Amino acid sequence: VFRAKRADRVKLLFWDGTGVCLLAKRLEGSKFRWPRIEDGVMRLSPAQLSALLEGLDWARVHARRVARPTATQ
(Lines give C-alpha, C1' and ligand atoms only; values in the text may rest on other atoms or scores of the structure.)
Protein backbone atom coordinates (compact mmCIF):
# COMPACT_ATOMS: atom_id res chain seq x y z
CA VAL A 1 0.00 0.00 0.00
CA PHE A 2 1.36 3.41 -0.99
CA ARG A 3 -0.08 6.81 -0.15
CA ALA A 4 0.42 10.29 -1.54
CA LYS A 5 1.87 13.06 0.63
CA ARG A 6 -1.52 14.80 0.71
CA ALA A 7 -3.12 11.54 1.94
CA ASP A 8 -5.97 11.88 -0.59
CA ARG A 9 -4.62 9.13 -2.88
CA VAL A 10 -3.70 5.51 -2.34
CA LYS A 11 -2.21 2.77 -4.52
CA LEU A 12 -2.42 -0.89 -3.60
CA LEU A 13 -0.45 -3.71 -5.22
CA PHE A 14 -1.69 -7.25 -4.66
CA TRP A 15 -1.42 -10.73 -6.11
CA ASP A 16 -4.75 -12.21 -7.24
CA GLY A 17 -3.42 -15.69 -8.01
CA THR A 18 -2.83 -15.02 -11.70
CA GLY A 19 -0.84 -11.79 -11.66
CA VAL A 20 -0.12 -8.52 -9.89
CA CYS A 21 -2.99 -6.01 -9.70
CA LEU A 22 -2.76 -2.26 -9.12
CA LEU A 23 -5.64 -0.43 -7.48
CA ALA A 24 -5.48 3.38 -7.42
CA LYS A 25 -8.03 5.56 -5.64
CA ARG A 26 -8.39 9.28 -4.96
CA LEU A 27 -10.90 10.71 -2.53
CA GLU A 28 -12.84 13.81 -3.52
CA GLY A 29 -12.86 16.46 -0.80
CA SER A 30 -11.41 14.33 2.01
CA LYS A 31 -8.33 12.35 3.00
CA PHE A 32 -7.58 8.78 3.95
CA ARG A 33 -7.06 8.33 7.67
CA TRP A 34 -3.87 6.35 8.13
CA PRO A 35 -2.80 4.32 11.16
CA ARG A 36 0.44 5.01 12.98
CA ILE A 37 3.55 3.22 11.84
CA GLU A 38 5.09 1.20 14.67
CA ASP A 39 8.47 -0.49 14.22
CA GLY A 40 8.33 0.38 10.51
CA VAL A 41 5.06 -1.54 10.02
CA MET A 42 1.46 -0.43 9.56
CA ARG A 43 -0.97 -3.09 10.80
CA LEU A 44 -4.61 -3.35 9.69
CA SER A 45 -7.07 -6.22 9.69
CA PRO A 46 -8.76 -7.04 6.35
CA ALA A 47 -11.93 -5.27 7.55
CA GLN A 48 -9.95 -2.18 8.60
CA LEU A 49 -8.14 -2.06 5.23
CA SER A 50 -11.49 -2.29 3.47
CA ALA A 51 -12.82 0.63 5.55
CA LEU A 52 -9.67 2.67 4.85
CA LEU A 53 -10.04 2.13 1.09
CA GLU A 54 -13.68 3.24 1.31
CA GLY A 55 -12.56 6.48 2.98
CA LEU A 56 -14.12 5.51 6.31
CA ASP A 57 -12.60 5.76 9.78
CA TRP A 58 -10.86 2.37 9.96
CA ALA A 59 -10.27 2.79 13.73
CA ARG A 60 -14.00 2.31 14.34
CA VAL A 61 -13.99 -1.13 12.71
CA HIS A 62 -13.78 -4.01 15.18
CA ALA A 63 -14.30 -7.73 14.97
CA ARG A 64 -17.88 -8.70 15.63
CA ARG A 65 -18.38 -10.46 18.93
CA VAL A 66 -20.41 -13.62 18.72
CA ALA A 67 -22.22 -14.78 21.84
CA ARG A 68 -21.47 -18.41 22.51
CA PRO A 69 -24.30 -20.49 23.92
CA THR A 70 -23.70 -21.78 27.42
CA ALA A 71 -24.07 -25.45 28.27
CA THR A 72 -27.21 -26.24 30.27
CA GLN A 73 -27.32 -29.13 32.69
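Read from its start, the chain follows the pattern β-β-β-α, with 1 helix and 3 strands in total. Helices (H or I, at least four residues) and strands (E, at least two) are DSSP runs, numbered from the N terminus. The model is a predicted one, in which local features need pLDDT of at least 70 and side-chain atom pairs count only at pLDDT 80 or more, while totals for chains, interfaces and linings use all residues. Residues are numbered from 1 along each chain as its sequence is written, and side-chain values use heavy atoms, with hydrogens and water left out.

A few overall values help to set the scene. Buried residues account for 19% of the 73 residues in the chain; here buried means under 20% relative accessible area, exposed means over 50%, and partly exposed lies in between (1.4 Å probe, protein chains only). The accessible surface of the chain is about 6,600 Å², and carbon and sulfur atoms hold 52% of this area. Such areas come from the Shrake-Rupley method with a 1.4 Å probe, and for residues only the protein chains shown count as cover. Of the contacts between residues at least 6 apart in sequence, 26% join residues at least 24 apart, a contact being heavy atoms within 4.5 Å.

The strands make an open sheet of 3 strands in the order β1-β2-β3, with antiparallel pairing. Its edge strands are β1 (2-3) and β3 (20-26), each of which pairs on one side only. Two strands count as paired if DSSP finds at least two bridges between them. In general, strands of a sheet pair through backbone hydrogen bonds, either parallel or antiparallel. Strand β1 is joined by 2 bridges to β2 (residues 9-15), and the two run antiparallel. Within this pairing, R3 has V10 of β2 as its bridge partner. On the other side, β2 and β3 pair in the antiparallel sense over 7 bridges, and L12 has L23 of β3 as its bridge partner.

Both connections between these strands are worth a visit. The hairpin of β1 and β2 has 5 residues between its strands. In the turn of this hairpin, A7 has a positive phi of about 65°, although A7 is a residue other than glycine. Most residues other than glycine have a negative phi. A7 is also buried, with a relative accessible area of 7%. The hairpin of β2 and β3 has 4 residues between the strands, and there G17 takes a positive phi near 100°. Further along, D39 is another residue other than glycine with a positive phi, near 60°. D39 is found in the loop between β3 and α1 (46-53), and its relative accessibility of 77% makes it exposed.

What does D8 contact, leaving aside its neighbours within four places in sequence? D8 lies in the loop between β1 and β2 and is buried, at 12% relative accessible area. With those neighbours left out, D8 is in contact with K25, R26, L27, S30, K31 and F32.

D8 also takes part in one of the charged pairs. The structure holds 2 salt bridges, each defined by a side-chain nitrogen of Lys or Arg within 4 Å of a carboxyl oxygen of Asp or Glu. Side chains of opposite charge can pair when their charged atoms come close. One salt bridge brings together the side chains of D8 and R9, at 3.8 Å from N to O. While D8 is buried, R9 is partly exposed, with a relative accessible area of 35%. R26 forms a salt bridge with E28, where the closest N and O atoms are 3.0 Å apart. In this pair R26 is partly exposed at 47% relative accessible area, whereas E28 is exposed at 63%.

The surface also carries a nonpolar patch of about 610 Å², made by F2, L13, W15, V20 and L22. Patches are made of residues with over 30% relative accessible area and no salt bridge; like charges are joined within 9 Å, and nonpolar side chains (Val, Leu, Ile, Met, Phe, Trp, Tyr) within 5 Å. Strands β2 and β3 each supply at least two residues of the nonpolar patch. V20, one of the patch residues, has its place in strand β3 and counts as exposed at 62% relative accessibility.
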